[in-house]
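User: Could you take a close look with me at the aromatic residues in this protein? I'd like one connected answer that I can follow on screen.

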There are 2 protein chains.
Amino acid sequence: MNIVQELKRIIPEEQVTVNETVLAQHSHDESHHDPHLPDVVVYPSDTKQVSDILKFANQHQIPVTPFGVGSGLEGHVIPYQGGISMDFQLMNQILEIRPFDFLVKVQPGVTRSQLNKELKKHGLFFTVDPGADATLGGMAATNASGTTAVLYGVMRDQVRDLEVVLADGTIIHTGGLAAKSSSGYHMNGLFVGSEGTLGVFTELTLKVYGIPEVIMAARAAFPSVKQAVDAAVAILSAGIPVARIELIDARSIGQVNHHSGTSYPEAPTLFLEFHGNESGLQQDVEFAQALAKEEECLGFKFETDSLQRAQLWEARHNLAYAFIHGNPGKKLMLTDVCVPLSELTGAIENAREAITASGLDGAVLGHIGDGNYHTLVIMDPANSSDLQRAEDVNHAIVEYALSRGGTCTGEHGVGVGKMKYQRQEHGQALDVMNNLKKMFDPNNILNPGKVIPRD
Amino acid sequence: MNIVQELKRIIPEEQVTVNETVLAQHSHDESHHDPHLPDVVVYPSDTKQVSDILKFANQHQIPVTPFGVGSGLEGHVIPYQGGISMDFQLMNQILEIRPFDFLVKVQPGVTRSQLNKELKKHGLFFTVDPGADATLGGMAATNASGTTAVLYGVMRDQVRDLEVVLADGTIIHTGGLAAKSSSGYHMNGLFVGSEGTLGVFTELTLKVYGIPEVIMAARAAFPSVKQAVDAAVAILSAGIPVARIELIDARSIGQVNHHSGTSYPEAPTLFLEFHGNESGLQQDVEFAQALAKEEECLGFKFETDSLQRAQLWEARHNLAYAFIHGNPGKKLMLTDVCVPLSELTGAIENAREAITASGLDGAVLGHIGDGNYHTLVIMDPANSSDLQRAEDVNHAIVEYALSRGGTCTGEHGVGVGKMKYQRQEHGQALDVMNNLKKMFDPNNILNPGKVIPRD
């Protein structure tokens with residue numbers, strides 16, 4: 001059987017390609033993980049086509065790996081067992097905006113910036129903002145989050161309903177339109193974060209929010225990372241409802257300034273944002289400033305102008321790219337753990353020590369309001385000593401987080417990079433996860449070799 | 001084999017009883033659903049005992065039905081197939097409070113008022129507040145919510161981790177301590193709301209919140225239910241972060257006054273609560289008042305005194321009891337649907353018409369900020385015409401909700417009462433739910449005959 005010819009009978013033939021450049025584009029993500037070519041790339045344009053392709057693939061035990069824009073960081077979209085890469089770029093419609101219900105229904109190929117551009121017309125916005133302009137399907141697949149999760153929650157918290165095509169082509173819905181439900185078994189949360197291994201998303205109904213009446217952004221620099229973290233923890237413990245609270249260490253600020261043309265003082269810095277009404281914010285911000293002062297804050301600078309505010313967050317979002325562009329020929333190893341807030345200061349100190357001990361250049365930053373932080377370790381992937389040392393740093397950071405009740409991945413997902421920690425983190429629950437995988441995907445065609453080390 | 005004797009070998013014999021009064025206590029909940037006796041009641045005192053009992057029950061295919069305080073409303077705890085009723089009153093310890101992480105770890109038999117009493121010492125509170133003083137295990141089992149879900153979310157949103165004993169006695173954890181995780185398959189949300197049919201909870205790690213700096217409560221009466229609902233929807237659409245927004249119709253206000261000794265004006269009324277800082281609240285409340293005025297609000301009365309505020313919410317929480325006590329010999333049929341906010345006004349008008357057409361006495365009330373409302377229909381359970389008419393009202397309300405994208409149960413759960421709507425609401429997803437049930441409970445011993453109509 002010729003898979004490509006068969007696929008061209010199932011969907012229009014211009015939606016099936018084996019063009020080498022296209023295959024290469026679908027062989028990697030933005031991480032250091034090794035690339036691998038799919039056998040064929042398909043571009044379904046509706047749910048029925050996705051269902052028909054899966055039915056066919058399931059019957060012939062052909063791997064299917066969903067693909068958004070390839071901005072993942074743990075190798076999720078790399079088709080290590082070949083087969084079909086299913087690209088959702090033709091399914092990029094915003095299907096319905098229900099302003100009154102604070103809901104939007106989208107196809108999986110819609111990107112977050114595309115959605116926000118449209119929502120703005122209704123005075124609404126979608127909160128989840130990973131660094132990349134990822135697709136919403138991809139963001140649901142990895143349970144992405146980003147800078148605003150501390151106030152609004154992660155991707156899993158925004159999903160009201162998913163249309164999912166199962167391995168055998170069956171189409172189900174995992175939720176509904178109601179804000180609350182105690183009906184049936186709740187499957188939204190199970191599918192969110194399943195990285196294409198349990199089913200393929202073809203429609204997402206997501207929560208959106210009204211654009212806040214007032215937004216205030218600020219930068220606060222500190223003498224040390226520890227003081228910056230302690231100030232953040234104090235602000236959160238005081239119950240001040242910050243919408244964003246990001247740590248950027250001195251090394252990262254340097255890279256930001258270099259890449260984005262800013263001139264922020266090169267010291268450990270908190271980037272903060274407050275959402276609310278005029279009077280409430282004034283009181284919150286004053287309180288936050290007082291708490292920062294207790295940690296010897298070097299200056300609390302407001303970005304009142306909306307352009308300056310946009311520049312600040314763009315600089316933050318571009319940080320990984322800044323490091324990549326600032327180190328030509330090098331790659332980044334990104335760590336991504338999340339610990340309980342009470343363990344954050346110790347975890348970040350430990351991470352900094354691990355980087356220093358490795359002899360590699362690296363930065364510490366992250367969404368510390370959730371206890372989720374990253375380190376960026378700069379390495380030459382062709383240099384096996386570099387790679388090993390970077391992997392050692394990653395390993396040390398994960399081990400520390402797991403020993404403190406944390407998780408091996410706060411938002412990037414498991415992919416192939418964090419599979420080795422699944423048993424340690426989940427214990428006997430991993431056996432249940434394995435049973436779930438077998439139940440949903442008995443022929444192991446859905447993004448095989450990811451998330452769950454198959455027993 | 002004598003089950004009781006065997007159980008007395010597995011756990012201390014004083015934790016096993018067939019006392020008739022105790023069996024009768026475990027034969028019903030607070031609903032109109034028919035009672036049924038268990039064969040035996042057990043009181044495990046730790047996780048190992050739960051595991052040992054389940055291993056035994058699974059081996060011998062004996063039904064096990066978990067029991068909290070029996071405050072359910074859809075027959076969840078009624079052991080229709082006999083067997084073991086597993087009462088968690090000995091597992092009522094608050095195991096750990098982590099104020100810095102806004103987390104608490106409890107055993108399933110802890111009640112919400114017990115938890116809040118303890119949390120208060122740390123300036124914290126647990127948000128979820130169903131009418132009854134239910135156990136936290138029971139609340140997780142039904143995905144309970146209540147009046148504050150509109151701001152803080154439902155039970156499912158508060159669960160960070162569950163220790164679950166599976167049908168075969170295996171003990172797993174479904175989450176961890178970190179605020180975010182993209183690791184493994186997320187099973188918290190699946191087990192929450194599974195009503196004891198997939199596993200038994202033995203420990204819960206829950207999110208808690210700092211007691212707000214300022215709390216303001218208010219009552220706003222309106223000429224009609226429609227205007228009250230429209231005002232609520234306007235307040236929510238304006239993005240005012242109300243913590244509670246409850247509708248109580250005139251009939252219910254009468255019952256409240258009678259039962260609680262209050263003298264609230266007998267008109268459709270919104271009970272509201274705002275949480276925040278002093279300045280922010282002032283601005284929010286003024287805006288809310290202005291919006292209420294546009295719906296011809298008859299008066300916006302603040303309960304500034306904390307005692308008056310407590311009285312207001314106690315009156316609200318006791319409403320169902322007020323109806324029961326006010327109608328000796330009668331029972332209540334409680335409906336519990338949830339619809340998208342845009343459908344709420346129509347849904348409530350439709351519900352009122354259904355009650356009026358039935359000729360029965362009934363009230364409309366609920367957590368309308370989420371689109372979740374109840375009707376209380378008063379009936380004589382010994383009168384088959386009453387019962388049929390009440391069931392017809394329930395049916396009409398559910399059908400309307402499902403036809404508008406809503407759910408057959410917003411917070412009470414499926415139990416036995418809402419099983420007949422599962423296919424209509426979930427379509428082919430019900431087959432997946434059935435497969436999940438079979439995977440987790442192949443011998444069908446866990447609360448059999450609930451939630452999922454077994455195929």
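To begin with, the charged end of which residue sits over the ring of B:Trp313?

Analyst: Happy to help, and please keep in mind that this is a predicted model. The residue you are after is B:Arg244, whose charged end lies over the B:Trp313 ring at 4.4 Å from the ring centre. Chain B has another such arrangement: B:Arg404 places its charged end over the ring of B:Tyr400, 4.4 Å from the centre.

Next come the rings that pair with one another. Over all chains, there are 12 aromatic pairs. One of them joins A:Tyr152 and A:Tyr209 edge-to-face, with 4.8 Å between centres and 65° between the planes. A:Tyr152 belongs to helix H6 and A:Tyr209 to strand E11 of chain A, so this pair ties together parts that lie 57 residues apart in sequence. Both A:Tyr152 and A:Tyr209 are buried. Another edge-to-face pair is formed by A:Phe191 and A:Phe440, at 5.3 Å centre to centre and 75° between planes. Here helix H8, which holds A:Phe191, is linked to helix H17, which holds A:Phe440, and the two residues are 249 apart. A:Phe191 is buried at 0% relative accessible area, and A:Phe440 also counts as buried, at 6%.

A:Phe191 has a place in the core as well. The largest nonpolar core has 84 residues, and A:Phe126, A:Phe191, B:Phe126 and B:Phe191 touch the most other members. Beyond its sequence neighbours within four places, A:Phe126 contacts residues including A:Leu115, A:Met139, A:Met155 and A:Val208.

Definitions and conventions
Residues numbered from 1 in each chain as written. Chains lettered and ligands numbered in written order. Predicted model: local features only at pLDDT ≥ 70, side-chain atom pairs only at ≥ 80, totals over all residues. Heavy atoms only, no water. Core = buried A, V, L, I, M, F, W, Y, C linked by side-chain atoms within 4.5 Å. Buried < 20%, exposed > 50% of the residue type's maximum accessible area, 1.4 Å probe, protein only. Contact = heavy atoms within 4.5 Å. Phe/Tyr/Trp six-rings, centres within 6.5 Å; stacked < 30°, edge-to-face > 60°. Helix = DSSP H or I, 4+ residues; strand = E, 2+ residues; numbered from the N terminus. Lys NZ or Arg CZ within 6 Å of the ring centre and 35° of its normal.
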